[in-house]
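This report describes selected parts of one protein model. Please look at the structure before reading on.

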Amino acid sequence: MEEAKWWVMAIAISVVVIVVVEGQSSTPPPTVKTVKGVKVCDRGWECKGWSSFCCNETISEFFQTYQFENLFSKRNSPVAHAAGFWDYKSFIIAAAIYEPMGFGTTGGKHMGMNEVAAFLAHVGSKTTCGYGVATGGPLAWGLCYNKEMSPSQSYCDDFYKYEYPCAPGADYYGRGALPIYWNYNYGAIGDALKVDLLHHPEYLENNATLAFQTAIWRWMSPVKKSQPSAHDVFVGNWKPTKNDTLSKRVPGFGTTMNILYGDSVCGQGDVDSMNNIISHYLYYLDLMGVGREDAGPHEVLSCAEQKAFNPSYVASS
């Protein structure tokens with residue numbers, strides 16, 4: 001029943017968002033009221049639910065179809081492995097669910113554009129098939145994939161057989177805009193989204209809106225309750241503790257990599273895997289007209305010297 005509710009909501013939003021696909025925002029002016037002395041707004045389909053964040057510009061107002069096409073200009077190339085799958089409408093429908101929580105709507109337009117660029121930089125770098133001499137350059141090939149092409153295993157961990165038992169015939173290889181792996185991650189994220197990903201992991205390679213929604217949920221959700229989300233560290237909601245400072249974790253783009261990938265990317269110096277993500281972020285800032293000079297110094301952009309929030313030798317991601 002809950003799964004059906006999600007699909008009905010997605011279909012309803014997709015109907016009203018068609019105008020956006022043609023390059024014009026259909027977000028209505030906000031309806032405004034005051035609750036306990038705080039101004040809150042409701043904008044209908046894109047930012048619904050009486051939130052102070054909905055009083056700010058919505059994503060479709062500052063990030064439109066042509067910009068999405070610029071960022072992912074090669075995704076529908078004949079050699080792209082997910083040609084025809086990813087589109088602007090799917091991203092906006094998924095983002096609409098999280099805009100009342102501050103995704104792309106925290107602060108002013110400038111911060112919103114920065115956050116969208118940062119989030120999509122992770123997406124682009126994790127779904128790219130770009131290489132050094134690729135047409136358009138190696139950074140133009142984000143959203144080339146929507147799934148792992150040659151899985152080495154089924155990613156079924158029997159340690160979780162009671163909480164998230166692997167479904168017969170299901171494989172939990174990487175899928176989505178920020179690819180997720182393993183039965184326990186499909187199960188936990190499915191629980192959060194109220195979609196049965198444990199029994200139907202294939203949903204993430206069949207529905208672009210759900211694939212984007214899963215990625216935005218990861219961006220907005222901390223790995224542990226005592227830790228910040230990637231969104232929090234990027235928009236300035238997070239205040240580092242003394243331990244964070246000693247671990248060289250600071251607010252900004254670098255720490256989003258720490259949260260999402262831990263020591264598989266961070267704390268290893270200027271490795272290619274980290275620099276590739278940073279390069280996508282700077283490239284997207286330029287294409288969106290924000291400019292890479294606004295990205296901050298190296299210690300903010302990078303996680304080269306940061307200790308992981310959740311070291312892999314203590315607890316797996």
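Contact here means heavy atoms within 4.5 Å. The model is predicted.

In that sense, phenylalanine 63 touches Phe68, Leu71, Tyr88, Phe91, Val116, Leu120 and Met288, leaving aside residues up to four places away in sequence. The largest nonpolar core has 83 residues. Phe63 is among those with the most contacts inside this core, along with Phe91, Phe103, Phe119, Phe253, Met257 and Tyr281.

Helix α7 covers residues 183-193, and its buried residues are Asn183, Tyr184, Tyr186, Gly187, Ile189, Gly190 and Leu193. Lysine 194 comes just after α7 and takes a positive phi.

Most residues other than glycine have a negative phi. Three lysines with a positive phi are listed below.

| Residue | Phi | Place |
|---|---|---|
| Lysine 36 | near 55° | loop between β1 (31-35) and β2 (38-42) |
| Lysine 194 | about 60° | just after α7 |
| Lysine 248 | about 65° | loop between α11 and α12 |

Lysine 36 counts as exposed because its relative accessibility is 85%, and the cut-off for exposed is over 50%.

The loop between α11 (242-246) and α12 (253-261) also holds valine 250. Is valine 250 buried, exposed or partly exposed? Valine 250 is partly exposed, because its relative accessible area is 30%, and partly exposed lies between under 20% for buried and over 50% for exposed. Not counting residues up to four places away in sequence, valine 250 touches Trp238, Thr255, Glu299, Val300 and Gln306. One of these, glutamate 299, is 49 residues apart from valine 250 along the chain, and their C-alpha atoms are separated by 8.0 Å.

Notes: Residues numbered from 1 in each chain as written. Predicted model: local features only at pLDDT ≥ 70, side-chain atom pairs only at ≥ 80, totals over all residues. Heavy atoms only, no water. Helix = DSSP H or I, 4+ residues; strand = E, 2+ residues; numbered from the N terminus. Buried < 20%, exposed > 50% of the residue type's maximum accessible area, 1.4 Å probe, protein only. Core = buried A, V, L, I, M, F, W, Y, C linked by side-chain atoms within 4.5 Å.
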